[in-house]
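Ready for a few hands-on exercises? Have a look at the structure first, then try each task before reading its solution.

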Amino acid sequence: MSCFSSLLVLLCLYNLSFLEALNGGFSVEIIHRDSPKSPFYSSSETKFQRVSNALRRSINRGNHFSKSMVFPNTVSATVIPDFGEYLMRYAVGTPPRKVFGVLDTGSDIIWLQCKPCRKCYSQATPVFNPSKSTTYKTIRCNSTICHSVQGTSCSSSSITKHCKYDISYGDGSFSHGDLSVETLTLGSTNGSPIPLPRTAIGCGHNNSMHFKGKNSGIVGLGRGRVSLINQLGSSVGWKFSYCLVPETLPSNASSRLHFGDAAVVQGHGTVSTPLFSKPQQVFYYLRLEGFSVGRHRREFGSSLSRFGGEGNIVIDSGTTLTLLPYDVYRWLESAVSHAVKLKPVEDPNHVLGLCYRGTLYKLDIPVITAHFRGANVLLHPMNTFVEVADKVWCLAFQPTQNGAAVFGNLAQQNLLVGYDLKKNTVSFKQTDCTKM
């Protein structure tokens, strides 16, 4: 169709620039939940209180990962509590209203609190009112989208018959409401907003969060059809990546989430490994074959294969610690203890098992290598140890109930981690994330 009138010219130019922005890729800032920029941030908490809270959230999340692997066909097992450790600012509706969403690679839906509230928890921004938006529309029961989302049902109204969603989490949190389409607007790091029209969202009118939170809801990045990455789909080549800035660094730099061409991980030092999926699960699985501590390598194929399939470890940006089956963890702890020629001390929080007193780079901690299929990922001391009290550093790995394995976000700091859902690969590259 030609753009004859000046109005149509503007619309065509807008659509071209929109498609160009998506095809060329874009990046958004993501905020750690303990950052001063975060609505979760509490100035009354000390640095080490925040660390302790993050570790406990991580263990709780890991316990639910265990249940989801043991009982993969139960609906409640596919949604993980304690959500993510990173948030994203975005806007919803027309005119746009700013909100915060918790990014979660373990969730497959975007949902936020909406008026009218039957029950809503406190959030940092005003609760979204869909009646004030010109682009909001509920989804009918007979739509393909309605049937592709777990836990949907039909409204009781004989007139509207629109799609309802019902999502419950293992810790008692939940969101119930209308499955809808709406315009979301992402704030790219180059200053140009990225509008995403007709994005499927859950508009929650009955919501509860187990933890203290000021976020508006969840931005799912998992494998489900209505996660953010799968709705962007071909417009970004089914690619996303992130680079997580170490929280221990005295830097104002923010972590980044990239889409499309901006998400491609390539160049010297890039290693790639296959990505696996499992029925009824939205998680991203890799194949971990073993670990090396310094020059000492140990294979763990059988220990990590007890739940079937080739994927044996979840890669997850929402879990702080790296979680391993008990026998794998015990070998790793023993190997690190043997390599570090210092007397261990107790974790004052009684959470982690192997700790030392000193400064990180004077402890002479060996590099740990995670041997994924086809990809050896070097984990430096900032990836493998966390400061839990003044000058007390602990191994940031933890054994799990039922043998679940999760590659957590501390291990992924200062790595550019790229997901290509078309090729089914994850790529890693050592990167100074403060300079991206």
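Below are five exercises, each with a worked solution.

A note before you start: this is a predicted model, in which local features need pLDDT of at least 70, side-chain atom pairs count only at pLDDT 80 or more, and totals for chains, interfaces and linings use all residues. Residues are numbered from 1 along each chain as its sequence is written, and side-chain values use heavy atoms, with hydrogens and water left out.

**Exercise 1.** Find N312 and work out what its side chain reaches.

*Solution.* Start with the place: N312 is in the loop between β16 (296-299) and β17 (313-315). Here strands (E, at least two residues) and helices (H or I, at least four) are DSSP runs, numbered from the N terminus. Next, check accessibility: N312 has a relative accessible area of 5%, so it is buried (under 20%; exposed is over 50%, partly exposed in between, with a 1.4 Å probe and protein chains only). Finally, follow the side chain, which reaches the backbone nitrogen of L288 at 2.8 Å. While you're there, look at F276: its C-alpha atom is 8.9 Å from that of N312, though the two are 36 residues apart along the chain.

**Exercise 2.** Do the same for S241: is it buried or exposed?

*Solution.* First, locate S241 in strand β11 (residues 239-243). Then look at its relative accessible area, which is 1%, so S241 is buried. Last, its side chain reaches the backbone oxygen of A263 at 3.3 Å.

**Exercise 3.** Which residues lie closest to the centre of the largest pocket, and which elements help to line it?

*Solution.* Begin with the term. On a 1 Å grid over the protein atoms alone, a pocket is an open set of points with protein on both sides within 12 Å along at least five of seven lines; a cavity is a set where a 1.4 Å probe fits but cannot get out; lining residues have an atom within 4 Å of a point. The largest pocket has a volume of about 740 Å³, counted as the space filled by probe spheres set on the points, which are joined across faces, edges and corners. Of its 35 lining residues, H32, D34, P246, E247 and T248 are the closest to the centre. Now the elements: β1 (26-32), α2 (47-70) and β22 (385-389) each supply at least two lining residues, and α2 gives the largest share, five.

**Exercise 4.** How many cavities of 30 Å³ or more does the structure hold, and what lines the largest cavity?

*Solution.* The count is two. The largest cavity has a volume of about 50 Å³. Its lining consists of I30, Y86, L103, T105, L221, Y242, L244, L257 and S317.

**Exercise 5.** Look along the backbone: where are the cis peptide bonds of P95 and P116, and what is the phi of K391?

*Solution.* Take the prolines in turn. A cis peptide bond joins T94 and P95, with omega about 0°; P95 is in the loop between β2 (86-92) and β3 (97-104). Another cis peptide bond joins K115 and P116, with omega about -5°, and P116 is in the loop between β4 (110-113) and β5 (137-138). Then turn to K391, which has a positive phi of about 60° although it is not a glycine. K391 is in the loop between β22 and β23 (392-395) and, at 45% relative accessibility, counts as partly exposed.

Key
A polar contact is a pair of N or O atoms within 3.5 Å; within protein, one must be able to donate a hydrogen and the other to accept it, and residues adjacent in sequence count only if both atoms are side-chain atoms.
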